[in-house]
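Biologist: Please take me through the side-chain packing and the bound groups of this structure, one question at a time.

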Amino acid sequence: MNLQNITQQYLKFFPGDFSGNTRQRQTPKVLFSSVKPVGFNNPELILFNGKLSEEIGLGTFEENDLNFLVANDLPENIVSYATAYAGHQFGNWAGQLGDGRAIFAGEIANREGKTTEIQWKGAGATPYSRSADGRAVLRSSVREYMMSEAMFHLGIPTTRALSLALTGENVIRDMMYDGNPKAEKGAVVIRTAESFLRFGHFELISSQKETELLKKLTDFTVENYFPEIKSGGIQKYRDFFTTVCKKTAELMSEWFRVGFVHGVMNTDNMSILGLTIDYGPFSMLDEYDLNFTSNTTDLPGRRYAFGKQPQVSQWNLWQLANALFPLIDDTKFLEQTLDEYSSYFWEQHDGMMAAKFGFDKVMEGDDVFFTDWQKLMVALKLDYTLFFTELERLEQDTARESFFDKVSYMARTPELIQELENFIKKYNERKNLNSISPEASKALMKKTNPCFLLRNYLLYEAIEELNLGKKDLMGKLLHALQNPYQEIYPEFSVKRPSTYEGVSGCSMLSCSS
Ligand code: AMP
Ligand code: MG
């Protein structure tokens, strides 16, 4: 790998703490602290994303690169660092947080000059680790690697995963927070993104009343990551906020399209570029349920439930608006932009839902149709993903019974079949109003509705296997997730097996990492 080409523009641009001290502490007025990873002597490679490595300019992997994957013996050009950010967690201001478990190597440029940031997750403590150890376990690392790649191949903006390696060390975790800590295998994931900047970076600097630094950070962000913004002066900051709102709304619509539940949408986990970031207690929806939360820590409030994600994003954008206020100084503008976020989200959402049903556009009356559909999904306890893939395959005379059995988590009754029948009748009537051909409608459904979904129970099974030293299921899942709009393994296109109902790690998870 071309490690000598890794650079660190942050270090040149922003004030930082170069003491190298990893003692956990407040670091006011700086955006980062230099920090050395602990280093692990017995690494073992599990996964390497060769294609991504080539794409971002890191080149091919050779045997002695394994050290880099766990941040061992770094070359001299890499002065690694952790960034400081703040955030609102579960609705409350949490003050300084920062990269507690992530350490940056810097960024790499590819042939076209596009830069990508690289960071290790789980390579040791930083000043921002608070009371934690800066380590990550195999379980959560596999989840991050696989799900971020799954989202990428679904076509959803996300951070990506370059590698996964065991550290050779054990890490102690109390997975269920029930006083039963266990030793688990430690691992390091290298993840990449155009930028890992979060709402929380802006909140931190703004809360310290460092307006000049806030301006510098925002100018840097716009210049590097928002080439579409050409304006100057205050207008630039307005356009920046409007664009972040739009990108966030688009991301929320995309999460709705595939049924992704993030689980911890604190402002420190919100990417300023509108990427899906920080894969923790996430889950894909099995049965359609707007109230489903994947995070045990989110009970009983369900602040981060599937259906609440767009609203919570808007709340998070309010916090970003507050942080950017010193640059924009226009309450009316910010309020209006936040209102427009809602209408823009619904516009995106309705267009997306129409495409899922194979409709070429949203028509009057579709809101009623969508509401009827939601009622059907809940009443019949239908699987979100399978519903659409089966609907696309449904011919006029297909038995409704087999559709029901494949898609519903309930036992079949004649009344329930009748409800399904009534809905399909309405659906066919609506589809007849399309101005595209039935073939074009089918093609639209095929590219909007994934056949393969990386469900939590599949990840759970792959991790169980991996703990026994087997990689077969993980390999199959990686193949499937790279082609989510094709049915490669029919055995994965099924409902969550009933044996997994309520099993920890299969539908709900804790934050423990
Ligand atoms: P999260 O909600 O998982 O995004 O984490 C919230 C904060 O806790 C972030 O600042 C993380 O860096 C920090 N954190 C979480 N887990 C660890 C860990 N194992 N070691 C150090 N810091 C952690
Ligand atoms: Mg986080």
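Biologist: Is Phe220 buried or exposed?

Modeller: In this predicted model, the relative accessibility of Phe220 is 2%. Buried means under 20%, so Phe220 is classed as buried.

Biologist: What kind of aromatic pair do Phe220 and Tyr225 form?

Modeller: A pair of aromatic rings is described by the distance of the centres and the angle of the planes. For Phe220 and Tyr225 the centres are 6.1 Å apart and the planes meet at 80°. Angles over 60 degrees count as edge-to-face, so the pair of Phe220 and Tyr225 is edge-to-face.

Biologist: Is Tyr225 buried, partly exposed or exposed?

Modeller: Tyr225 has a relative accessibility of 5%. The cut-off for a buried residue is under 20%, and therefore Tyr225 is buried.

Biologist: Which residue of the aromatic pair Phe345 and Trp346 is partly exposed?

Modeller: These two rings form an edge-to-face pair, 5.0 Å centre to centre with 70° between the planes. Phe345 is buried, at 2% relative accessible area. A value of 48% makes the partly exposed residue Trp346.

Biologist: How many aromatic pairs are counted?

Modeller: Rings pair if their centres lie within 6.5 Å. By that rule the number of aromatic pairs is 51.

Biologist: Over which ring does the charged end of Arg303 sit?

Modeller: Two arginines may be described here. The charged end of Arg143 lies over the ring of Phe282, 4.0 Å from its centre. For Arg303 the distance to the ring centre is 4.6 Å, and the ring is that of Trp315.

Biologist: Which residues are the protein donors of the magnesium ion (ligand 2)?

Modeller: The donor atoms are OD1 and OD, lying 2.0 to 2.2 Å from the ion. One donor residue is buried at 11% relative accessible area, namely Asn269; the other is buried at 13%, namely Asp278. The protein donors are thus Asn269 and Asp278.

Biologist: Which residue places a polar backbone atom 2.7 Å from a nitrogen atom of ligand 1?

Modeller: Ligand 1 is surrounded by 19 residues, and Gly98, Gly100, Arg130, Gly134 and Asn269 are the closest. A polar side-chain atom of Arg130 is 2.9 Å from an oxygen atom of the ligand, and a side-chain N or O atom of Asp278 is 3.4 Å from an oxygen atom of ligand 1. The backbone contact to the nitrogen atom comes from Gly134.

Biologist: What percentage of ligand 1 does the protein bury?

Modeller: The shell around ligand 1 comprises four nonpolar, seven polar and eight charged residues. Taken alone, ligand 1 exposes 480 Å². Of that area, the protein buries 86%.

Notes:
Residues numbered from 1 in each chain as written. Chains lettered and ligands numbered in written order. Heavy atoms only, no water. Phe/Tyr/Trp six-rings, centres within 6.5 Å; stacked < 30°, edge-to-face > 60°. Buried < 20%, exposed > 50% of the residue type's maximum accessible area, 1.4 Å probe, protein only. Lys NZ or Arg CZ within 6 Å of the ring centre and 35° of its normal. Donors = N, O, S within 2.8 Å, 3.2 Å for Na, K, Ca; no water. Near = heavy atom within 4 Å. Polar contact = N/O pair within 3.5 Å; in protein donor to acceptor, adjacent residues only side chain to side chain. Areas by Shrake-Rupley, 256 points an atom, 1.4 Å probe, with all protein chains shown as cover. Nonpolar A, V, L, I, M, F, W, Y, C, P; charged D, E, K, R; others polar.
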